[in-house]
Amino acid sequence: MDLIKHNHKAQALKKENRIFFDKLKRLTYRNLDTYFQEVHEQVFEKTDCLSCANCCKTTSPIFYNRDVERLAKHFKIKPGDFIERYLKIDEDKDYVLRQAPCPFLGTDNYCSVYENRPNACREYPHTDRKKISQLLDLTYKNTFVCPAVLEITEQLKKIKF
């Protein structure tokens, strides 16, 4: 995966994509979830996340209490110790990783805690979720992180909403 090329393309399409997502937010389109889900499936049939892992290298998921408890159990430590070692509170008062890249990401782009990863990691990039209209700002932001989200956006722009 050529992340430099992706970054250039995402920046070049920044204004166009902002306009597109703002347009989608104004629509009360019943089938928006269906369109997103269909295009998500098409794009991810051709996507190898392990060749990229940019999400794990550059961003942090939100860690909810159940995520902290699951990972603390995985490491056989107390939840408070897990928080102290790996997490911080961000400007939105959410627990996020202290560092990027993710400390659980291997040099081979495999996740060392995959079976116990946070829910936000399980659902990323969130483009196949229900009520996608509530996640359009996040999806726009993810065009800068995830090449697949940028491709999903490009495919969706071909649909006449």
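A nonpolar core, as I shall use the term, is a set of buried Ala, Val, Leu, Ile, Met, Phe, Trp, Tyr and Cys residues joined through side-chain atoms within 4.5 Å. The structure before you is a predicted model, and I shall begin with its cores.

The largest nonpolar core has 18 residues. Which of them touch the most other members? They are Phe21, Leu24, Phe36, Leu156 and Phe161. At least two residues of this core come from each of four helices: helix 2 (14–26), helix 3 (32–45), helix 8 (136–142) and helix 9 (147–156). Let us take Phe21 individually. Once residues up to four places away in sequence are set aside, Phe21 touches Phe36, Leu136, Thr139, Tyr140, Thr143 and Thr153. Apart from this core lies another, of 13 residues, and its members include Ala53, Phe63, Tyr86 and Phe104. As general background, nonpolar side chains in soluble globular proteins tend to be buried together.

Helix 3 also holds a residue of another kind, His40. Is His40 buried or exposed? Its relative accessibility is 10%, and because buried means under 20%, His40 counts as buried. Neighbours within four places in sequence aside, His40 is in contact with Pro125, Thr127, Asp128 and Ile152.

I turn now to the charged residues. In general, side chains of opposite charge can pair when their charged atoms come close. How many salt bridges does a search of the whole structure find? The search returns eight, and I shall discuss three of them.

The first for discussion pairs Glu16 with Lys157, with the closest N and O atoms 2.5 Å apart. Glu16 belongs to helix 2 and Lys157 to the segment after helix 9, so that this pair links distant parts of the chain, 141 residues apart. The partners fall into two accessibility classes: Glu16 is partly exposed, at a relative accessible area of 42%, whereas Lys157, at 19%, is buried.

Next, Asp137 forms a salt bridge with Arg18, and here the closest N and O atoms are 3.2 Å apart. Asp137 lies in helix 8 and Arg18 in helix 2, so the pair ties together parts that are 119 residues apart in sequence. Asp137 counts as partly exposed at 38% relative accessibility, and Arg18 counts as partly exposed at 24%. Nor does this pair stand alone, for Arg18 and Asp137 are linked with Asp22 and Lys25 in a network of salt bridges.

The remaining example joins Glu123 to Arg129, with 3.1 Å between the closest N and O atoms. Glu123 is partly exposed, with a relative accessible area of 28%; Arg129 is likewise classed as partly exposed, at 29%.

Finally, I come to a contact between helices. Where helix 5 (residues 65–75) meets helix 6 (residues 79–86), their axes come within 8 Å and cross at roughly 95°. The range for roughly perpendicular is 65 to 115 degrees, which is why helix 5 is described as roughly perpendicular to helix 6. Which residues of helix 5 take part in the contact? Val68, Glu69, Leu71, Ala72 and Phe75 do so, meeting Pro79, Phe82, Ile83 and Tyr86 of helix 6. By class, the contact comprises eight nonpolar residues, one charged residue and no polar ones. One of its participants, Tyr86, has appeared already, as a member of the 13-residue core.

Notes:
Residues are numbered from 1 along each chain as its sequence is written. This is a predicted model: local features need pLDDT of at least 70, side-chain atom pairs count only at pLDDT 80 or more; totals for chains, interfaces and linings use all residues. Side-chain values use heavy atoms; hydrogens and water are left out. Buried means under 20% relative accessible area, exposed over 50%, partly exposed in between (1.4 Å probe, protein chains only). Contact means heavy atoms within 4.5 Å. A salt bridge is a side-chain nitrogen of Lys or Arg within 4 Å of a carboxyl oxygen of Asp or Glu. Axes are lines fitted to C-alpha atoms, for helices over the stretch in contact, and angles run from 0 to 180 degrees between N-to-C directions. Angles under 35 degrees count as roughly parallel, over 145 as roughly antiparallel, 65 to 115 as roughly perpendicular and the rest as oblique. Ala, Val, Leu, Ile, Met, Phe, Trp, Tyr, Cys and Pro count as nonpolar, Asp, Glu, Lys and Arg as charged, and the others, Gly among them, as polar.
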